[in-house]
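Student: I am new to this structure and would like to go through it step by step. Could we begin with the words we need and then move on to the chain itself?

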Amino acid sequence: MRHDTRTFLTRRRFVGAAAATGAFYSVPGLFAEQLELTPSVTEGPFYPDKMPLDTDNDLIVINDSATPALGEIAHVTGRVLTQSGEAVRNATVEIWQVDANGVYIHSRAPDKEHRDSNFQGFGRFETGSTGEYRFRTIKPTEYRTGRRVPHIHYAVARNGRRVLTTQLFLKGYGGNGRDSVLRRVQRARRTDSLSVDFKPVPGSEIGELAASFDLVIPG
Ligand SMILES: [Fe+2]
């Protein structure tokens with residue numbers, strides 16, 4: 001194809017002008033905006049060393065026990081997405097956290113004698129075509145030692161391979177500024193994307209909460 005030099009130059013000038021005004025980046029579909037990768041955070045020492053008998057996505061009730069876990073019930077949901085915003089299906093999302101007394105289910109967890117035996121402590125969910133995951137759990141609390149602020153641990157795997165290890169924090173929690181893990185990621189990545197609002201579920205008579213946390217993975 002013959003190259004029309006005049007058209008070529010004109011187009012170049014147009015692109016240059018548009019880039020200078022910022023309009024270049026708003027052209028739909030031309031340069032799809034990339035989502036921010038969810039920052040990786042340490043797994044910590046308490047990923048279950050022995051899986052609970054029940055590993056479903058309802059951490060409040062173990063198997064068909066009549067006694068639910070202690071704590072504020074929270075519905076934690078979100079989507080697993082790639083950086084270009086595509087839903088990731090068949091991703092395995094795992095969470096683990098302390099119970100209402102601040103104790104992990106791990107066999108070497110501190111303060112094991114205070115453990116709430118009705119809390120599952122760990123859950124697993126496989127995403128469908130929308131990339132969505134959901135857990136019923138409790139709003140995270142502090143450890144009994146008080147060295148960390150409330151958080152929920154996350155691990156995401158694809159095709160059996162771990163692709164993200166992170167933690168969710170409570171947005172606006174008073175002690176967040178003293179948490180070493182959260183401070184490190186905020187300083188390194190200049191982001192607060194691991195902090196999430198827990199809002200009351202409208203109309204819930206038992207004060208349930210809901211939180212939304214998307215997980216953006218490479219690929
Ligand atoms: Fe932890």
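Tutor: Helices and strands here are DSSP runs, of at least four residues for a helix (H or I) and at least two for a strand (E), and they are numbered from the N terminus. With those terms, Asn63 can be placed in the loop between helix H1 (5-21) and strand S1. Please keep in mind throughout that this is a predicted model.

Student: How many helices and strands does the secondary structure of the chain come to?

Tutor: Reading from the N terminus on, the elements run α-β-β-β-β-β-β-α-β-β-β-β. Counting them by kind, the secondary structure of the chain comes to two helices and 10 strands.

Student: Over which residues is the pLDDT below 50?

Tutor: For the chain as a whole, the mean pLDDT is 88, and 85% of the residues reach 70 or more. Where pLDDT is low, the predicted coordinates should not be read in detail. That caution applies to a stretch that has six contacts in the model beyond near neighbours in sequence, and the pLDDT is below 50 over residues 1-28.

Student: Which strands stand at the edges of the open sheet of five strands?

Tutor: The order of this open sheet is S3-S2-S5-S6-S7, and its pairing is mixed. A strand at an edge has a single partner strand, so one side of it is left without a neighbour in the sheet, and this holds for strand S3 (122-126) and strand S7 (195-196).

Student: In which sense do S6 and S7 pair?

Tutor: Strands of a sheet pair through backbone hydrogen bonds, either parallel or antiparallel. Here the bridge partner of Phe169 is Ser195 in S7, and Leu170 stands opposite Val196 in S7. Over these two bridges, strand S6 (residues 161-170) and S7 pair in the sense called parallel.

Student: How many bridges join S5 to S6?

Tutor: Two of the facing pairs can be followed by eye, since Ile152 stands opposite Leu168 in S6, and the bridge partner of Val156 in S6 is Leu164. The hairpin of S5 and S6 has two residues between the strands, and in it Asn159 takes a positive phi near 50°. The two strands run antiparallel, and the number of bridges that join them is eight.

Student: What is the bridge partner of Trp96 in S5?

Tutor: The pairing to look at is that of S2 and S5, which is antiparallel and extends over six bridges. Within S5, the bridge partner of Trp96 is His153.

Student: Which residues of the largest nonpolar core touch the most other members?

Tutor: This core draws two or more residues from each of several elements, including strand S1 (73-82), strand S2 (91-96), strand S5 (151-158), helix H2 (180-189) and strand S10 (215-217). One of its members, Val80, is in contact with residues beyond four places in sequence, among them Val93, Tyr133, Val156 and Leu215. Of the 40 residues in the core, those that touch the most other members are Val80, Val93, Tyr154, Val156 and Leu215.

Student: What share of contacts between residues at least 6 apart in sequence joins residues at least 24 apart?

Tutor: Asp116 gives a case of two residues distant in sequence, for Asp116 and Pro68 are 48 residues apart in sequence and 9.8 Å apart in space, C-alpha to C-alpha. Taking the chain's contacts between residues at least 6 apart, the share that joins residues at least 24 apart is 72%.

Student: Is Asp116 buried or exposed?

Tutor: Asp116 has its place in the loop between S2 and S3, and leaving aside neighbours within four places in sequence, Asp116 is in contact with Ala69, Leu70, Asp99, Ala100 and Asn101. A residue needs 20 or more other C-beta atoms within 10 Å to count as buried. Asp116 has 20 such atoms, and therefore Asp116 is buried.

Student: And Gly174, is that residue buried or exposed?

Tutor: Gly174 lies in the loop between S6 and H2. The cut-off for an exposed residue is 12 or fewer other C-beta atoms within 10 Å. Because Gly174 has 8 C-beta neighbours inside 10 Å, Gly174 counts as exposed.

Student: Returning to Asn63, what is the value of phi near?

Tutor: Most residues other than glycine have a negative phi. Asn63, which counts as exposed with 10 C-beta neighbours inside 10 Å, is a residue other than glycine with a positive phi, and the value is near 45°.

Note on methods:
Residues are numbered from 1 along each chain as its sequence is written. This is a predicted model: local features need pLDDT of at least 70, side-chain atom pairs count only at pLDDT 80 or more; totals for chains, interfaces and linings use all residues. Two strands pair if DSSP finds at least two bridges between them. A nonpolar core is a set of buried Ala, Val, Leu, Ile, Met, Phe, Trp, Tyr and Cys residues joined through C-beta atoms within 7 Å. Two residues are in contact if their C-beta atoms, placed from the backbone, lie within 7 Å. pLDDT is the predictor's confidence in each residue, from 0 to 100.
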